[in-house]
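Here are a few exercises to work through with the sequence and the coordinates open beside you. Try each task before you read its solution.

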Amino acid sequence: MALLLLLGTNEAQGTIYEIKIVKEKERQGAPSQLIIYKVKKGDTLYGILRKFHIPPIYLNKVVKINKLKNPNLIYVGQRLKLPVGKDSQGKTKSSPERYLIPSVKVVGGKVENEGVFFLGEKKIDYRETPKVEIGGKKFIVDLSKSLDEETRKALGDLGIEIIDGKKLKELIEEQIAGNFLDIKKNGKIILGLNDILTYHYDYMGYNKLSGQLTIINLKPDTPCGLLGLLRSYGIEVLQPKAPHLDIKKEGKGELKILPGEGLDKLNSLVEILLGEKGKVNELGLELPKSKIYVVYDYVDPEERVKLELSGYKVAVLSGNFLADVEKLLEIVPLANKRINLILYEPPLSKDKNFRSKLEIKGLLVSTGKKEWFLVDALDKPEEIPYLLERGINLIIY
């Protein structure tokens, strides 16, 4: 649950020429050096990444470098190795406003983020000072204030405007205002009845051409599955492209939908959890291998005692599937508890920093080898691919 950094720049006259592509070492904002960070009280892993401007797409790398068994559990005083790019003074090169560059494409603009622009003896690297076109005009975005006065003057003489991150954001907002109606900024929406999705947006409005309710985000931190879920509520999301955003963060989850009714359904669940196929008969569900009998409530008490005397553990059906499952799992026993599953985007963000939070009530069952999340139904079928994308092993009964 992730952000990508891209760059771009402009053109001129006389002894001026432009090289569109420069084949040098690949540079996509990837951190290049390791530093050691000591965890402080209140830190989360995602918060630490934000502090050092490390894109969340490197979350898996940080977990692997530090051999973290559970990225949600870090402790005060723990020393973490962090991959960051540094300049000669030890400060990170990443400008906090650099995330705006890919947003130019979201609002219909263009970005040039590879190559070099030569102005006499001056060289302008598009990866450091991006070239963008927005609203029909071209600009050089000097986020790091690396252009000297002489270069600025020369570009000004050519009619090329140099802007900073603040001005770029104003231009992006002008484009949004020109294409959407009833714009709301930095708000949140709450969707769903039983499964609650809380989503924070940068901008939201109605597309002037299509009338479609649209969210415009400046950061690419909403994964594919969640985009599909929002679409099911009639909301389109525009955000910068992030090729690495949908990498399996927790691994691909598994889906099981229990067939049949009553004991047949319970039998299917037992087979998934225990790997044992039971037998349904006139008394109920028999599990010979586990020596368990799930009997109907009308079965004579004396018959239940006989089963117990013959070595069976007996559970009586209540008519409530979830309650019957919990009774059965207590006998097995398998660890289980009713929980509110909460998925944050970006992962580990929580508190005020999250883009979205999806909360679903269900039963969590651990078999030792695998954890399953058991639910009776979901508000939207589009929740299924999102849950699987986030590594949830899902059983729908």
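**Exercise 1. Place asparagine 186 and describe its backbone and exposure.**

Start with the secondary structure: asparagine 186 belongs to strand S10. This is a predicted model, and in it the phi of asparagine 186 is positive, about 50 degrees, although the residue is not a glycine. For comparison, most residues other than glycine have a negative phi, and most peptide bonds are trans. Finally, asparagine 186 counts as exposed because its relative accessibility is 56%, and the cut-off for exposed is over 50%.

**Exercise 2. Find another non-glycine residue with positive phi, in the loop between S16 and S17, and classify its exposure.**

The residue in that loop is lysine 291. Its phi is near 55 degrees, and lysine 291 is a residue other than glycine. With a relative accessible area of 33%, lysine 291 is partly exposed.

**Exercise 3. Locate two cis peptide bonds.**

Step one: look at the loop between H9 and S19, where proline 333 lies. The bond from valine 332 to proline 333 is cis, with omega near -10 degrees. Step two: move on to the loop between S19 and S20, which holds proline 346. Here the bond from glutamate 345 to proline 346 is cis, again with omega near -10 degrees.

**Exercise 4. Trace the partners of strand S20.**

Take the pairings in turn:

- S19 and S20 are antiparallel, with 11 bridges; lysine 337 stands opposite leucine 364 in S20.
- S11 and S20 are antiparallel, with 4 bridges; isoleucine 196 has glutamate 359 in S20 as its bridge partner.
- S20 and S21 are antiparallel, with 4 bridges; valine 365 has tryptophan 372 in S21 as its bridge partner.

To finish, inspect the turn: S20 and S21 form a hairpin with 4 residues between them, and glycine 368 in the turn has a positive phi of about 95 degrees.

**Exercise 5. Work out the order and the edges of the sheet that contains S17.**

The sheet is open and has 4 strands in the order S15-S16-S17-S18, with mixed pairing. S15 and S18 each have a single partner strand, so one side of each has no neighbour in the sheet. For the pair S17 and S18, the sense is parallel, over 4 bridges. Within that pair, valine 294 has alanine 315 in S18 as its bridge partner.

**Exercise 6. Describe the largest nonpolar core and the surroundings of phenylalanine 373.**

The largest nonpolar core has 28 residues, and those with the most contacts inside it include Ile189, Tyr199 and Phe373. Elements that each supply at least two residues of this core include S10, S11, H6, S20 and H10. Now leave aside the neighbours within four places in sequence: phenylalanine 373 touches Ile339, Leu341, Ile360 and Leu394, among others. Another core, of 24 residues, lies apart from the largest one and has Leu285, Val325, Leu328 and Leu334 among its members.

**Exercise 7. Which residues line the second largest cavity, and which helix supplies the largest share of the lining?**

First, list the lining: Leu269, Val270, Leu273, Leu274, Val325, Leu328, Leu329 and Leu334. Next, sort by chemistry: 8 are nonpolar, with no polar and no charged residues. Then assign them to elements: H7 and H9 each supply at least two, and H7 gives the largest share, 4 residues. The space inside this second largest cavity is about 40 Å³.

Definitions and conventions:
Residues are numbered from 1 along each chain as its sequence is written. This is a predicted model: local features need pLDDT of at least 70, side-chain atom pairs count only at pLDDT 80 or more; totals for chains, interfaces and linings use all residues. Side-chain values use heavy atoms; hydrogens and water are left out. On a 1 Å grid over the protein atoms alone, a cavity is a set of points where a 1.4 Å probe fits but cannot get out, and a pocket is an open set with protein on both sides within 12 Å along at least five of seven lines; lining residues have an atom within 4 Å of a point. Grid points are joined across faces, edges and corners, and a volume is the space filled by probe spheres set on the points. Ala, Val, Leu, Ile, Met, Phe, Trp, Tyr, Cys and Pro count as nonpolar, Asp, Glu, Lys and Arg as charged, and the others, Gly among them, as polar. A nonpolar core is a set of buried Ala, Val, Leu, Ile, Met, Phe, Trp, Tyr and Cys residues joined through side-chain atoms within 4.5 Å. Buried means under 20% relative accessible area, exposed over 50%, partly exposed in between (1.4 Å probe, protein chains only). Contact means heavy atoms within 4.5 Å. Two strands pair if DSSP finds at least two bridges between them.
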